[in-house]
Amino acid sequence: RFPLMPQTPGKRFMKSVSGLAIRMADSRCRTKHWVSRAIGPVFLAVAAAAPGQDRFPEFSWERVPLYMHIRKDTSFTPDEIRYLAGFPLIAFEKTTGGKEFGSTEAGTLAAARAVKAINPAAKILYYRNLIVHYDGYAANGALAEIRDPFLTAGDGNERLVRGRLRAYDLSNRQVRAWWIASAAQVCADPAIDGLFVDGAVKALEPAYLRAEIGEEKKAALVEGYGALAQELRRGLPPEKLLLANLLRARFADSGLSRLAAFDGTYIEGFDMATGGMAARDYVAKGIAAFPQAARQGYIADFPGGLGAEEAEAANNPQWTDEMRAPRDTESASRRFSFLLAVFLVCAEKHSYFHAHDGYDAGTSQVWMTRPPEYDCPLGAPKGPAVQSGYAYSREFEHASVRLDVERKIGQIDWKAPR
């Protein structure tokens, strides 16, 4: 419906930069893609109230349903805005437009209004982290009026996040009120359709910052998170979306018991096993839970980091997709296909896919590219995935998906539509 990147009809070519590769336009959609070196997503269903879907983004099985999560500290170009307008759901990350418009709030609004001018139906989310304090927000000035807004270690150190960033003390009622009010102010603009809430896992993970702030304060932080989640839903207009980067197989119930206050979740780090769980079991738990959550009516945004995970423990202790290392061309191509296979095994209505190598448009090597798989006819699923041990299969109208978690291999057979 909306033009994306220029395409060369009937041709396949590779764009490879800094060890990452994305295949561009292929109108034939007849290829088989073998994939390896990865694993799967993360959820478990419990009783929870399904959100009202009248405010949800558009959804179709005609092609792979897509999501975009991006930031750029200057203005997006006209071509970039047209590209963004092709996505039904978009989250503008921290720093968006900050250098050009003076704040993240102003930059996000400028980008959102530009996209809406082309595609009024696009749903656009404003980003806020509920635990990590980032510079660049105009709302930060009001923190000077709040006593002790940040967590502090026993030695007085406030730079607790990665040794350089401060963390909000959510046990402080004034901090929660400030956070919600500042988010609600931006979300009140008609160009913003909702809020992307990041940092929930950091707040809820029992070990995160516990050594620095102590058991008692950590418990208070978890309690403060719960209060903020409930207060946030009441603090935003009912027509606004609320998505949280929340669900992980690391939690006993994958975090779904915390989802009732939100309309959906972002699924990060799906293949980064923790807690001594075997990788295959961690992934199998996620693959079982993702569709269960989606069938309850929640949005499920599935971002897949294209980079390598070998150095996670040393360089990426929170196991975030954005901090992965680059891959070589062949490995990146297999990784992409594997991620898509996992998504298709799990996807239900209002599930969206986003393969990326980071959220910064200025450094991403896959920004403004479009893999040919995104233009292959998909069609509705013929049923849920069938599981046999650690192997999965699922049939769509125009595609067959096979996934072997234990061997880390997947296959998608695209069928020419009749």
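**View 1. An aromatic cluster in the predicted model.** Seven residues form one aromatic cluster: Phe270, Phe290, Phe302, Phe336, Phe343, Phe353 and Tyr374. The model shown here is predicted. Take Phe353 as a starting point. Apart from residues up to four places away in sequence, phenylalanine 353 touches Phe302, Phe336, Phe343 and Tyr374, among others. Its contacts also include Val64, Pro65, Leu66 and Tyr67. Leu339 and Leu340 are on the list of contacts too.

**View 2. The largest nonpolar core.** This core has 124 residues. Which residues have the most contacts inside it? They are Leu84, Phe92, Trp179, Leu195, Tyr225, Phe262 and Phe353. Helix 10 gives the most to this core, with ten residues. In soluble globular proteins, nonpolar side chains tend to be buried together.

**View 3. Tyrosine 266 and its aromatic partners.** The whole structure holds 22 aromatic pairs. One of them joins tyrosine 67 and tyrosine 266 edge-to-face. Their ring centres are 6.0 Å apart, with 65 degrees between the planes. Tyrosine 67 sits in the loop between strand 3 (32-36) and strand 4 (68-70), while tyrosine 266 belongs to strand 9 (residues 264-266). The pair links distant parts of the chain, 199 residues apart. Tyrosine 67 and tyrosine 266 are both buried. Phenylalanine 196 also pairs with tyrosine 266, again edge-to-face. Here the centres are 5.1 Å apart and the planes meet at 85 degrees. Phenylalanine 196 is in strand 7 (residues 194-198) and tyrosine 266 in strand 9, so this pair ties together parts 70 residues apart in sequence. Phenylalanine 196 is buried, as is tyrosine 266.

**View 4. Charges over tyrosine rings.** Two tyrosines are the focus here. The charged end of lysine 94 sits over the ring of tyrosine 134, and the distance to the ring centre is 4.7 Å. Arginine 128 lies over the face of tyrosine 137. The distance from arginine 128 to that ring centre is 4.1 Å.

**View 5. Helix 8 and its surroundings.** Helix 8 (residues 279-295) has 17 residues. How far apart are its end C-alpha atoms? They are 25 Å apart, which agrees with the 24 Å expected at 1.5 Å a residue. Buried residues of helix 8 are Tyr282, Val283, Ala284, Gly286, Ile287, Ala289, Phe290, Pro291, Ala293 and Ala294. Phe290 is also part of the aromatic cluster of the opening view. The buried residues of helix 8 pack against helix 10 (329-346) and several strands. Those strands are strand 10 (299-305), strand 11 (351-356), strand 13 (391-395) and strand 14 (399-404). Just after helix 8 comes glycine 297, with a positive phi of about 105 degrees.

**View 6. Cysteines without disulfides.** The whole structure contains zero disulfides. Cysteine 187 is part of helix 4 (residues 173-187). Is cysteine 187 buried or exposed? Its relative accessible area is 0%, so cysteine 187 is buried. Outside its neighbours up to four places away in sequence, cysteine 187 touches Tyr126, Ile192, Gly194, Leu195, Leu236 and Lys240. Leucine 241 is 54 residues away from cysteine 187 along the chain, and their C-alpha atoms are separated by 9.4 Å. Cysteine 346 counts as buried too, because its relative accessibility is 0%.

**View 7. Serine 103 between two helices.** Serine 103 is in the loop between helix 2 (98-101) and helix 3 (104-118). Its relative accessible area is 9%, so serine 103 is buried. Which residues are in contact with serine 103, leaving aside neighbours within four places in sequence? They are Thr96, Gly97, Gly98, Gly136 and Ala138.

**View 8. Positive phi outside glycine.** Most residues other than glycine have a negative phi. Histidine 350 has a positive value, near 65 degrees. Histidine 350 lies in the loop between helix 10 and strand 11. With 6% relative accessibility, histidine 350 counts as buried. Lysine 408 likewise has a positive phi, near 60 degrees. Its place is the loop between strand 14 and strand 15 (409-414). Lysine 408 counts as partly exposed, because its relative accessibility is 32%.

Definitions and conventions. Residues are numbered from 1 along each chain as its sequence is written. This is a predicted model: local features need pLDDT of at least 70, side-chain atom pairs count only at pLDDT 80 or more; totals for chains, interfaces and linings use all residues. Side-chain values use heavy atoms; hydrogens and water are left out. Rings of Phe, Tyr and Trp (its six-membered ring) pair if their centres lie within 6.5 Å; planes under 30 degrees apart count as stacked, over 60 as edge-to-face and the rest as tilted. Helices (H or I, at least four residues) and strands (E, at least two) are DSSP runs, numbered from the N terminus. Buried means under 20% relative accessible area, exposed over 50%, partly exposed in between (1.4 Å probe, protein chains only). A charge sits over a ring if NZ of Lys or CZ of Arg is within 6 Å of the ring centre and within 35 degrees of the ring normal. The expected span of a helix is 1.5 Å times one less than its number of residues. Contact means heavy atoms within 4.5 Å. A nonpolar core is a set of buried Ala, Val, Leu, Ile, Met, Phe, Trp, Tyr and Cys residues joined through side-chain atoms within 4.5 Å. A disulfide is a pair of cysteine sulfur atoms within 2.5 Å.
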